[in-house]
Amino acid sequence: MEKVVILGTGAAGLTAALYTARANLEPLVFEGLEPGGQLTTTTEVENFPGFPQGIMGPALMENMRAQATRFGTRFVRASVESVDFSGSPLSLKGDDGKQYESATVIIATGATAKYLGLESEQKLIGRGVTACATCDGAFYRDVPVCVIGGGDTAVEEAVFLTRFASKVTIIHRRDQLRASKIMADRALSNPKIEVMWDSTVEEVLDVEKGEVTGVRLKNVKTGEISELEVAGYFSAIGHKPNTDPFKGQLDMDETGYLITDKTRTNTPGVFAAGDVQDSVYRQAVTAAGTGCMAALEAERYLESLEG
Ligand code: NDP
């Protein structure tokens with residue numbers, strides 16, 4: 001039986017691994033579907049403390065992995081398929097066909113940004129198409145950009161992007177924002193922000209440049225087609241927390257985020273860190289912070305079993 005199984009190798013999972021490994025708990029880490037997590041899909045990370053010149057996302061994750069490995073973390077190339085947290089030990093089934101048992105589990109399976117799924121959009125991810133204004137906004141200085149969506153994320157990202165972009169167009173499929181009134185008002189009163197109401201993206205344009213040059217839009221009420229020139233395309237239509245294997249086993253909110261109290265889930269010995277339990281901050285540094293918290297909580301829990 002394992003002492004600690006950690007699910008996920010993003011900033012939360014690897015920080016939890018570092019702390020539990022240094023505590024001699026020999027953590028076993030499931031690499032998950034996207035080893036390294038969301039940071040592997042970004043380019044330069046300028047807001048992780050300790051790197052005054054910035055660091056490339058994949059390099060940051062390689063460093064975190066090397067640091068966790070140095071203290072004895074073990075990795076398995078597997079994702080969790082299903083769990084049984086009803087008894088002790090906690091039981092997990094991997095997609096490698098193996099069964100695992102552990103005294104504690106730290107869930108750091110993250111969340112996946114949603115995209116519309118258009119072929120032209122998918123082709124341009126990382127080349128003008130992104131889902132993270134905080135990560136990539138500063139690369140779009142003095143050029144027009146668009147934000148897709150009408151929720152709090154969309155308006156917050158739009159307002160943030162006005163610091164850099166020459167103009168920000170929110171493209172929303174309805175004639176009313178979903179965002180909270182105070183945040184919506186902040187966006188609507190910003191002179192750099194315009195909203196294209198009742199509009200959906202038909203195609204992301206690249207005019208053979210291999211990077212975003214614009215979007216083709218359709219007005220859903222009139223059927224009118226138009227084109228908008230933009231250099232950046234920010235998808236803000238929500239995130240999906242990766243919690244499917246835990247349905248029916250752990251408490252979640254209505255959108256599937258795990259509900260935690262200081263990283264503790266409702267099941268003793270099961271902790272959650274990072275974006276899988278955080279729909280608000282979603283930063284590498286906050287994920288790392290909660291990964292540390294979950295590790296310390298797991299350590300204390302194991303001590304309480306011994307005591
Ligand atoms: P939401 O689910 O609230 O909003 C998603 C938006 O994307 C909606 O406007 C929706 O349109 C639109 N959308 C979804 N799917 C499509 C699609 N296929 N095509 C076009 N548009 C689509 O997600 P958010 O990420 O904005 O927010 C998630 C949670 O996090 C919320 O509870 C929010 O309040 C919270 N949050 C809080 C913040 C804060 O307080 N500072 C900041 C950011 C988020 P429609 O409206 O038509 O459904």
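**Local backbone features, fold and ligand shell of the predicted model**

At 46% relative accessibility, Glu26 counts as partly exposed, because this class lies between the limits of 20% for buried residues and 50% for exposed ones. The model described here is a predicted one, and Glu26 is placed by it in the loop between α1 (11-22) and β2 (28-30). Although Glu26 is not a glycine, its phi angle is positive, with a value of about 45°.

A positive phi also occurs at Asp198, again a residue other than glycine, where the angle is near 50°. Asp198 belongs to the loop between β13 (193-196) and β14 (199-205). With a relative accessible area of 11%, Asp198 is buried, since the limit for that class is set at under 20%.

Another feature of the backbone is found at the peptide bond that joins Ser88 and Pro89, which is cis, with an omega of about 0°. Pro89 itself is located in the loop that runs between β6 and β7 (90-94).

The loop between β5 (74-76) and β6 (80-84) contains Ser79, a residue that counts as buried because its relative accessibility is 11%. When the neighbours within four places in sequence are left aside, the residues in contact with Ser79 are Phe30, Gly32, Leu33, Lys93, Gly94 and Asp95. For Leu33, a polar atom of the Ser79 side chain is found 3.2 Å from the backbone nitrogen.

The chain as a whole may be considered next. The protein chain comprises seven helices and 19 strands, and its C-alpha trace extends over about 65 × 40 × 35 Å along the principal axes. The radius of gyration is 21 Å, which agrees with the value near 19 Å that a compact globule of 307 residues would have. Half of the chain is shielded in the sense used here, in that 50% of the 307 residues count as buried. The accessible surface of the protein chain amounts to about 15,100 Å², and carbon and sulfur atoms contribute 49% of this area. Among contacts in the protein chain with a separation of 6 or more, 58% are formed by residues that stand 24 or more positions apart.

The remaining results concern the ligand and the residues around it. The shell consists of 16 residues, of which Asp152, Thr153, Arg173, Arg174 and Arg178 come nearest to the ligand. By class, the residues of this shell divide into seven polar, five charged and four nonpolar. Helix α5, formed by residues 152-161, gives the most to the shell, with three residues.

Short polar distances to the ligand were computed for several of these side chains. In Asp152, a polar side-chain atom is placed 2.6 Å from an oxygen atom of the ligand, and a polar side-chain atom of Thr153 likewise lies 2.6 Å from a ligand oxygen. For Arg178, an N or O atom of the side chain is 2.7 Å from an oxygen atom of the ligand. On its own, the ligand has 910 Å² of accessible area, and the protein covers 69% of this.

Terms used:
Residues numbered from 1 in each chain as written. Predicted model: local features only at pLDDT ≥ 70, side-chain atom pairs only at ≥ 80, totals over all residues. Heavy atoms only, no water. Near = heavy atom within 4 Å. Polar contact = N/O pair within 3.5 Å; in protein donor to acceptor, adjacent residues only side chain to side chain. Areas by Shrake-Rupley, 256 points an atom, 1.4 Å probe, with all protein chains shown as cover. Helix = DSSP H or I, 4+ residues; strand = E, 2+ residues; numbered from the N terminus. Nonpolar A, V, L, I, M, F, W, Y, C, P; charged D, E, K, R; others polar. Rg over C-alpha atoms; globule rule 2.2 N^0.38 Å. Buried < 20%, exposed > 50% of the residue type's maximum accessible area, 1.4 Å probe, protein only. Contact = heavy atoms within 4.5 Å.
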